[in-house]
Each structure stands twice: as structure tokens, then as C-alpha cells.
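Colleague: Could you take me through one part of this protein in detail, namely the helix that keeps turning up wherever I look? I would like a connected account rather than a list.

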Amino acid sequence: MLVSHPNPQLFNHHHKTAKLGTLRPTNQNQSLLKIGFNRWSQRRRRCNSTVRPQSALSVDDKVLKSAIKADRNSNNYRYDVIVIGSGIGGLVAATQLAVKGARVLVLEKYVIPGGSSGFYQRDGYTFDVGSSVMFGFSEKGNLNLITQALAAVGCKMQVIPDPTTVHFHLPRNLSVQVHREYSEFITELISKFSHEKQGILKFYSECWKIFNALNSLELKSLEEPIYLFGQFFKKPLECLTLAYYLPQNAGDIARKFIKDPELLSFIDAECFIVSTVNAAQTPMINASMVLCDRHFGGINYPVGGVGGIAKSLAKGLVDQGSEILYKANVTNIIMEGGKAVGVRLSDGREFFAKTIVSNATRWDTFGKLLKGEDLPKEEQNFQKLYVKAPSFLSIHMGVKAEILPPDTDCHHFVLEDNWTSLEKPYGSIFLSIPTILDSSLAPKGRHILHIFTTASMEDWKGMSQEDYEAKKELVAEEIISRLENKLFPGLKSSIVFKEVGTPKTHRRYLARDNGTYGPMPRGNLKGLLGMPFNTTAIDGLYCVGDSCFPGQGVIAVAFSGVMCAHRVAADIGIEQSSPVLDAALLRLLGWLRTLA
Ligand SMILES: NC(=O)c1ccc[n+]([C@@H]2O[C@H](COP(=O)([O-])OP(=O)(O)OC[C@H]3O[C@@H](n4cnc5c(N)ncnc54)[C@H](O)[C@@H]3O)[C@@H](O)[C@H]2O)c1
Ligand SMILES: CC(C)=CCC/C(C)=C/C=C/C(C)=C/C=C/C(C)=C/C=C/C=C(C)/C=C/C=C(C)/C=C/C=C(\C)CCC=C(C)C
């Protein structure tokens, strides 16, 4: 485990007070300042309000407050950026900023980095917490954002190419393998729907048009005008293509070319596995990104498991001279004069920085961490447009290797009888068998089966521990039976290890409101138009992760990390910026979001 500073206590407010002494050199003044600061900070904690009204300050308080402010504005100011959470979004933002020269502190509630992209080990197995399907991990193009994020901090991971992104097992025994080679995939799909050959070719070609435009850009913050206008100048056609598709959804475009309802349902399933909603609600840019990257760069699995990505980024961060603290549960974002200036942990420690970046979801950031603040209009709008996607039920199993037929694919998506069950809780089943690619993840002669399906918190609340445990067993048993019937006869008797996680488990370990999978559109929105970027209505506070543009997905949150780092760097003066253009662009983007 990486904990960069051996004594985290050194960074608490007592230490800050000691530093304040440098502003007032006498010993007597120093201890006065220390006592006064502690009193002031205790009172602030007691009343649980972020800023006290000016009139309530005594003269002493005012002197103290301005001394503290002066300290924060001086070189003693310890951090440029505090990042709350070490999911891939938070880590990419943190490492990019560290590389640009910022002093960054990442605060992670859990004991290891990665969040949904973390790992855990039991009985000789290394399990990925979340998805094992890794986009953006190739050596090609501009969209290999995971490879680039690692390279930025001098890391390179060995990867194993996955020959099949996913094997679909769908109603009426429709079986489609998404081969790495585009031509093989398209030939297989056309063989199943030969009457729709033209429609298939046109839909996927449209995806390639968007992917190629994306892949030609240098990806940075779309909220930073000098970069954005620069890209429009260098690549006008590509930028106009993206602007044209920004408000569009994949379902509408598919319906322009394809009429067969079963094929349209297949496109729904293609979208559902990356966005937890059907094609009509999936932004066309996001659909194109994943439907093409899987063939362009291909899906590549990191040797040792997905958790290695976060571990490498965390190490890279520390190598750059920045810091990460674990078991650091942020409970409050500290506000001063309407600006986010620091954070408070559950154990009372406080840390201060010029800017705060939250990798918690927007629901958690604005609903839990910003106490006593009214929900800004922009966040009200976000919550009007997007709801929390359901959480999921996950089963991590170790099974006897001989249960899998030869040539079993690594990833499967199963929807047995009825297309209408696609988006229902427990309706469809995701299955990854990462040991097909990397046998080192399990003891010899064993495979890992990671099974997950959408499930909502409502289903798991208000039960006794006994009922909860019994329900976990029952639901897991049903799902395993379905896989036994559909894919692997005899599966149950081959299980040697099993652990079931519910929405409550995911809420607890991932610190995500209701254990949500991420945001999903409340209705049929206009593509990505309504998705907020990284800046927030609160001065000094930024968000990163899947409740920011472009949404769910490890590569998507990596992009949000890149964008966030660029915008923050411009705001703290380590990258070029133009305040006049900034204001104009932010107003324009705010207005565009209202059209969603
Ligand atoms: N099964 C899956 O595949 C699965 C499940 C959920 C999410 N996801 C995906 O994972 C990605 C999410 O990545 P992300 O970067 O947005 O975030 P994340 O949820 O992976 O990570 C956020 C991190 O912040 C930490 N955190 C949250 N609140 C905190 C607090 N108050 N104090 C300290 N630490 C705190 C969490 O412990 C976690 O490590 C998305 O792609 C999402 O769609 C995948
Ligand atoms: C800003 C204005 C006004 C105009 C500008 C026009 C312009 C230049 C626009 C530019 C837009 C850009 C740059 C957009 C970039 C978009 C990107 C990079 C989108 C990326 C999306 C990635 C996604 C959606 C990835 C999703 C991946 C997921 C969710 C993977 C999970 C997979 C599973 C859960 C796998 C399923 C598992 C099994 C077992 C089947």
C-alpha cells in the first residue's frame, strides 16, 4: 500500500498553526495564535457552518482569520490542489496536475486506490471490483487515454489483447461475438441480418466518422477556450462533425438506417453494456467511441488485473512529489468567503489548497460534502436531467477450470428470453472471466467468474442481517442457475469460492450514493449536451469522474480527469488562460446545457 507521508498528523491544522508562527515570530504570539486558531476552528466545527457571518467575529478572530488567509496566500500554502477520491477520474486529474508542476494531495477513504476500478484479494484470487473490459489501453491514436495517463507518470503496463470484446447471448438464441477485427465482427453481424446489410454498414460507418474525428484531436478541456478555438482552427471539419453529433443519440441514428426490430434491439444491447441505458438514450459520441475503439486499439487487459492501473497511477503521483493518503474520509468541503478552500476529514484533520477537485459523484459532493450550502442552479439542472443509475449485484467466484469449454470467450452478456428485460433489475447478466486472459489471477486449475447485474438499493434496504444474508444467497443462486442453463452446465458444482456484493456493499466500499453505477438520463436528452463539465458554480471547486462529461466508463472518466486537470491548471496559472474568453465560453456552455 502506498502512503506517501509517514506522519499524516503533520498536515493537520495544528501544524498549520505552527507555520502561522512564521508570520508572527515571537513565542508568545505564536502560542496565542495557536490557542486562538484552535478555538476558532473548533467553533467552526461545532456550528458545522462553513463561513461565519462577519458580524459574529471578534477583533481577535478577525486578526486570526486574516493571518490564516495570509498564510494560505503565502508560499506556506501547502497544496495547489486537493483531490477527494482516488477513482481513475481522480487519479488521472491528480497525476496530470502533478506532472504540470502542481502540488497535489489525494485523499482516499478506502485503504487502496481505484474505487470502482480497484481490486481485492481472497484465497489466492485477485478480483477486479468493477468492469474488466478496458478501452483506451492500446499503443495507437489519441484515444488511448489509459496508456497516455500511465505514460505521463513514467509507467507502462504489460497488456494482453482480448480477441473478443464481448460474446452476446440474446433472445431467440441470437449469438454474436464482437471480434477484435472489425471486418470479422461486421461479417458475423451481416450473416445474422443479411436483409439489413446496408443499414448495418451505414450505422457503423457513421460511428467510425465520429471516432475518426475524435481520434484526430488532441484531447484537453472543452471548457478552455484557447485550446478549444485552437482545435477548431486546426481541425475545423472534425470539430464541426463532433459539434453536430454532440446533441444526438445512437438510437435515433440507428433508426435512420435500420428497420429490423431485433437488430435495433441488438444495438440497444450494444449501448446498454456501456451506458446502462438503451440506444435511444445513449449519446452517439459515446456509442461511437466504444463501438470503434474496441476494433481500432482493441480491448487490452492489464497483466495482474485492472487494479494495477490505479496502483501505478498512485505510485506515479508520489514519484512526481505529490501525495496520497488512505483511510482519509472527507466529510466536509471547507468554504471561506464563498470559495472552496479546504476539506475536513471524519477524524477532524483539515487540509487546505487553492482548489478542491471532487471525484465523489455530484450527488455526494453537493448533497453530503458541501454542508449548509444551497444546491446551485447548475446542480439542480443536472439532477433534473440525470438520475442515479441503479447499483448492481456482483458475484465473484472461483470455479474449477474444467467447467469452461475450450475457446470460451472472456466477456459475455446474457439476456435469455425477452428483450423487454434488458434494462430491468437482474434482467440481463454481465460475465467476465479475466483468467481466460491472465491465469495468474487465480490459483492453478481455477478460473475467476465475475458476474454482475443491475440491482437497486430499494430492494436491499430495511432488512435484518439474517434476511439480508439469506436474500443474497437466493438471488445469487438464481443468477448462477441462469448461467448454468445458458452457458456452463454443471457450473454450481464447480464453485470453490463465492462472494456476493449488493448495492449496500457498493455504497459502502465505493462511497457512491445508493451504490449508483453512474448518471443516466432521466428522459430522452439531446446526446451529451446536458452533461456538466468539470467547473462548478462554487469558486475553487471542480468535479471529476462519471458525473461529468462524457459520463460512465473507465476511459470516459480518464478523459474527464484530463479535462479537469487542464481547466484547473489554467485557473491556478500553470497553463495558459484568458479570463475574458473563459467567461464568454463558460456562459456559452451554460446556455447550451439549457437546450438539452
Ligand atoms: N462494475 C463496474 O464496472 C462499475 C461500477 C461502478 C462504477 N463503474 C465505473 O467506474 C468509473 C467511476 O470512476 P470514478 O473515477 O468516477 O469514481 P470511482 O467511484 O471509481 O472512485 C471514486 C473514489 O472516491 C473515493 N471517495 C468517494 N467519496 C470520498 C470521500 N468523501 N472521501 C474520500 N474518498 C472518497 C471512493 O472511495 C473511490 O475510491 C466509471 O467508469 C463508472 O461507470 C464501474
Ligand atoms: C464544446 C462545444 C460546444 C463544441 C465542441 C465540439 C467538440 C470539439 C467536441 C468534442 C467532444 C469530445 C472531445 C468528446 C469526447 C468524448 C469521449 C472521449 C467519450 C468517451 C466515452 C467513453 C465511454 C462511454 C466508455 C464507456 C465504457 C464502459 C462503460 C465500459 C464498461 C464496460 C462494461 C461494463 C463492459 C461490459 C462487461 C461485460 C462483461 C459484457
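Modeller: Helices here are DSSP runs of H or I with at least four residues, numbered from the N terminus. With that in hand, and bearing in mind that this is a predicted model, α18, which spans 554–571, can be followed through the domain boundary, the ligand shell and the nonpolar core.

The domain assignment divides the protein into domain 1, made of 55–118 + 134–158 + 299–386 + 523–595, and domain 2, covering 181–298. Their C-alpha centres are 28 Å apart, and 36 residues of domain 1 make contact with 34 residues of domain 2. On the side of domain 1 that touches domain 2, the elements giving two or more residues are α18 and α19 (579–594), and α18 contributes the most, with six residues. By class, the residues on that side of domain 1 comprise 15 nonpolar, 17 polar and four charged.

Turning to ligand 1, one finds 35 residues surrounding it, of which Gly85, Gly87, Gly115, Gly130 and Gly545 are the closest. Two or more residues of this shell come from each of α4 (88–99) and α18; here α4 gives the most, with three residues. The shell around ligand 1 is made up of 14 nonpolar, 16 polar and five charged residues.

The largest nonpolar core has 155 residues, among which Ile82, Val104 and Ala558 touch the most other members. To this core α18 gives the most, with 13 residues, and at least three residues of the core come from each of domain 1 and domain 2. Looking more closely at Ala558, and setting aside neighbours within four places in sequence, one sees contacts with Ile88, Val92, Gly136, Leu145, Ile146 and Ala149.

The loop between β20 (541–543) and α18 deserves a look as well, and Val544 is located there. Because 20 or more C-beta atoms inside 10 Å are required for a residue to be called buried, Val544, with 33 such neighbours, counts as buried. Beyond residues up to four places away in sequence, Val544 touches Gly89, Gly90, Ala93, Val357, Asn359, Asn534, Ser560, Gly561 and Cys564. By contrast, the C-alpha atom of Arg446, 98 residues away along the chain, is separated from that of Val544 by 38 Å.

Note on methods: Residues are numbered from 1 along each chain as its sequence is written. Chains are lettered from A and ligands numbered from 1 in the order in which they are written. This is a predicted model: local features need pLDDT of at least 70, side-chain atom pairs count only at pLDDT 80 or more; totals for chains, interfaces and linings use all residues. Domain bounds come from an automatic or database domain assignment. Two residues are in contact if their C-beta atoms, placed from the backbone, lie within 7 Å. Ala, Val, Leu, Ile, Met, Phe, Trp, Tyr, Cys and Pro count as nonpolar, Asp, Glu, Lys and Arg as charged, and the others, Gly among them, as polar. A residue is near a molecule or strand if its C-beta atom, placed from the backbone, lies within 6 Å of it. A nonpolar core is a set of buried Ala, Val, Leu, Ile, Met, Phe, Trp, Tyr and Cys residues joined through C-beta atoms within 7 Å. A residue is buried if 20 or more other C-beta atoms lie within 10 Å of its own, exposed if 12 or fewer, and partly exposed in between; C-beta atoms are placed from the backbone.
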